[in-house]
Amino acid sequence: MKRNSRFLAIAACALAIMVAASSVVFGAGAAETGSFSVDAPSAFLMDAATGTTLYEQNAREHRPVASMVKIMTLVLAFDAVDAGELGLGESITVSENASSMGGSQAFLDAHAEYKADDLIKAIIVASANDACVAIAERLGGSVDAFVGDMNDRAAELGMNDTNFVNCTGLPAPNQYSCAADAAVMFRELIGHDKYFEYSGIWMFDFEHPSGRKTMLTNTNKLIRSYEGCDGGKTGFTNEAMYCLSATAERNGTRLISVVTGAQTSKGRNAQICKLFDYGFANYETRQVIFGGVELDAALEIPASKEKRSAVAPAENGFYLAARGSSAELTYEIAFDENISLPVAAGSTVGKLSVFADGELVASSPLVTSTELTVPGYLDILGELLRSW
């Protein structure tokens, strides 16, 4: 059925959306870096909600990133959980190979069974190499196969300056990434809510099947010293030096900071904080589309039994703005040209777009709240009688 393709929908949008959007400022990217710099070989600052780059310094330079490699290991683990391919309560038998890993570890017992959830927790909190290998062998069948999956996932994310050789970040020839790619994969990781259940844990007793306990401590000290920091992945080897990808949230704005190659852990943490301070001082993220909130606008199909269905954005929409600037926001709805009956509830039927001073800043598919069906014989007869 033909529908009008586009129309301005300021008045049609839900009042809650309009109120929330009315205070949004405009001009992301307007803040000048000026003399701002970071005392590290490579650095990157990103807005997590929109993926916008806020600062970069040698951010595409290929460098070893040590245990930040584990970010991708965790991404694949959570991907598998979401796809139903790995249960958090599933028992995983630890191989001799996994238990023999050096460096940071949870001291897993060979041939013992551990819950997948506990292994993931050990990786997030304590950067456990042995837990990484156990997860890799479970998901890939072998570490080499899993590493192939890591590189495939990196390619999907557009991480063109990254090559993985192992799943732990232990030194290996031709293994490298860059600050910008590290931010991209870390943004993917923190999109999993489960990650934050563990990333803020400072210390816990990891219990082995034998009853033995190992105290594990978070390698990211910023969760205790920087306001809003609730996650991160550290890394250190003599080759990579001190690296960190971290995230912090304040007043609805979430940032991702990355530093690689710092000379000391204290210096690395200081530069991450400097990046966060710069980002929070100059930018803010505002939500301008609220997924699942019905609009005042409705999809009207007179030929259907129900005549109309409320619609709602399928996704949240965010807008990054420079502090202190302003813009006029307008909302526009475009329904699809051809919509055929029946229309199931939750069907995509158009798009909601948000513009700031005429520039598109956010959009979301629109979905129906209720179904629209083909009227039956009795429905048609009843309508004829009502109009008699």
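## A walk through the fold

Let's begin at the end of a helix: right after α4 comes Ser-127, whose phi angle is positive, near 60 degrees. Keep in mind as you look around that this is a predicted model.

Now step back into α4 itself, which covers residues 116-126. Is this helix out in the open or enclosed? Ten of its eleven residues are buried, so the rest of the structure largely encloses it. The buried set is Ala-116, Asp-117, Leu-119, Ile-120, Lys-121, Ala-122, Ile-123, Ile-124, Val-125 and Ala-126. Notice that the list includes Asp-117 and Lys-121 along with residues such as Leu-119 and Val-125.

Carry on along the chain and you meet helix α5, residues 129-140, which is home to Asp-130. How buried is Asp-130? Its relative accessible area is 0%, and buried means under 20%, so Asp-130 clearly counts as buried. What does it touch, once you leave aside its neighbours within four places in sequence? The answer is Ala-98, Ser-99, Met-101, Ser-104, Gln-105, Ala-106, Phe-107 and Leu-108. You can also check the spacing to Glu-96: that residue is 34 residues away along the chain, and the two C-alpha atoms are separated by 9.8 Å.

Time to zoom out for a moment. The protein has 388 residues, and 50% of them are buried. Its secondary structure adds up to eleven helices and 17 strands. If you take the contacts with a separation of 6 or more, 65% of them link residues 24 or more positions apart. As for the outside, the protein exposes about 16,900 Å², with carbon and sulfur atoms supplying 49% of that.

With so many strands around, let's look at a sheet. Strands of a sheet pair through backbone hydrogen bonds, and they can do so in a parallel or an antiparallel way. Here, five strands make an open sheet in the order β3-β2-β10-β9-β8, and the pairing is antiparallel. Which strands sit at the edges? They are β3 (53-57) and β8, each of which pairs on one side only. On average, neighbouring strands in this sheet are turned by 5 degrees against each other, if you ignore direction.

Follow the edge strand β8 next. Strand β8 and strand β9 (residues 241-250) run antiparallel and are joined by eight bridges. One place to spot this on screen is Cys-229, which stands opposite Ala-248 in β9. Just ahead of the strand is Gly-228, in the loop between α9 (222-225) and β8. Gly-228 is partly exposed, with 26% relative accessibility. Apart from residues up to four places away in sequence, Gly-228 touches Thr-247, Ala-248 and Glu-249. So Ala-248 turns up twice: opposite Cys-229, and among the contacts of Gly-228.

Further along β8, which spans residues 229-237, you reach Thr-234. Thr-234 is buried, with a relative accessible area of 8%. Which side chain does it join in a polar contact? That would be the side chain of Thr-219, at 2.8 Å. Thr-219 also appears in the contact list of Thr-234, with Ser-67, Met-68, Asn-220, Cys-243, Leu-244 and Arg-268, not counting residues up to four places away in sequence.

Arg-268 leads us to helix α10, where it is one of the buried residues. The helix runs over residues 265-282, which is 18 residues. At 1.5 Å a residue it should span 26 Å, and its end C-alpha atoms are 26 Å apart, so the two agree. Also buried in α10 are Asn-269, Gln-271, Ile-272, Cys-273, Leu-275, Phe-276, Tyr-278, Gly-279 and Phe-280. An α-helix has 3.6 residues a turn, so residues three or four places apart point the same way. Pick out Gln-271: it is buried at 12% relative accessible area, and its contacts beyond four places in sequence are Val-38, Asp-39 and Val-259. Phe-276 offers a link back to the loop before β8, with its C-alpha atom 9.8 Å from that of Gly-228, although the two are 48 residues apart along the chain.

Last stop: another set of strands. Strand β12 (residues 298-300) pairs with β13 (residues 308-313) in the antiparallel sense over three bridges, and Leu-299 has Ser-309 as its bridge partner. Strand β13 is also joined to β17 (residues 359-368) by three bridges, again antiparallel. There, Val-311 stands opposite Thr-368.

Terms used
Residues are numbered from 1 along each chain as its sequence is written. This is a predicted model: local features need pLDDT of at least 70, side-chain atom pairs count only at pLDDT 80 or more; totals for chains, interfaces and linings use all residues. Side-chain values use heavy atoms; hydrogens and water are left out. Helices (H or I, at least four residues) and strands (E, at least two) are DSSP runs, numbered from the N terminus. Buried means under 20% relative accessible area, exposed over 50%, partly exposed in between (1.4 Å probe, protein chains only). A polar contact is a pair of N or O atoms within 3.5 Å; within protein, one must be able to donate a hydrogen and the other to accept it, and residues adjacent in sequence count only if both atoms are side-chain atoms. Contact means heavy atoms within 4.5 Å. Two strands pair if DSSP finds at least two bridges between them. Axes are lines fitted to C-alpha atoms, for helices over the stretch in contact, and angles run from 0 to 180 degrees between N-to-C directions. Accessible areas come from the Shrake-Rupley method with a 1.4 Å probe; for residues, only the protein chains shown count as cover. The expected span of a helix is 1.5 Å times one less than its number of residues.
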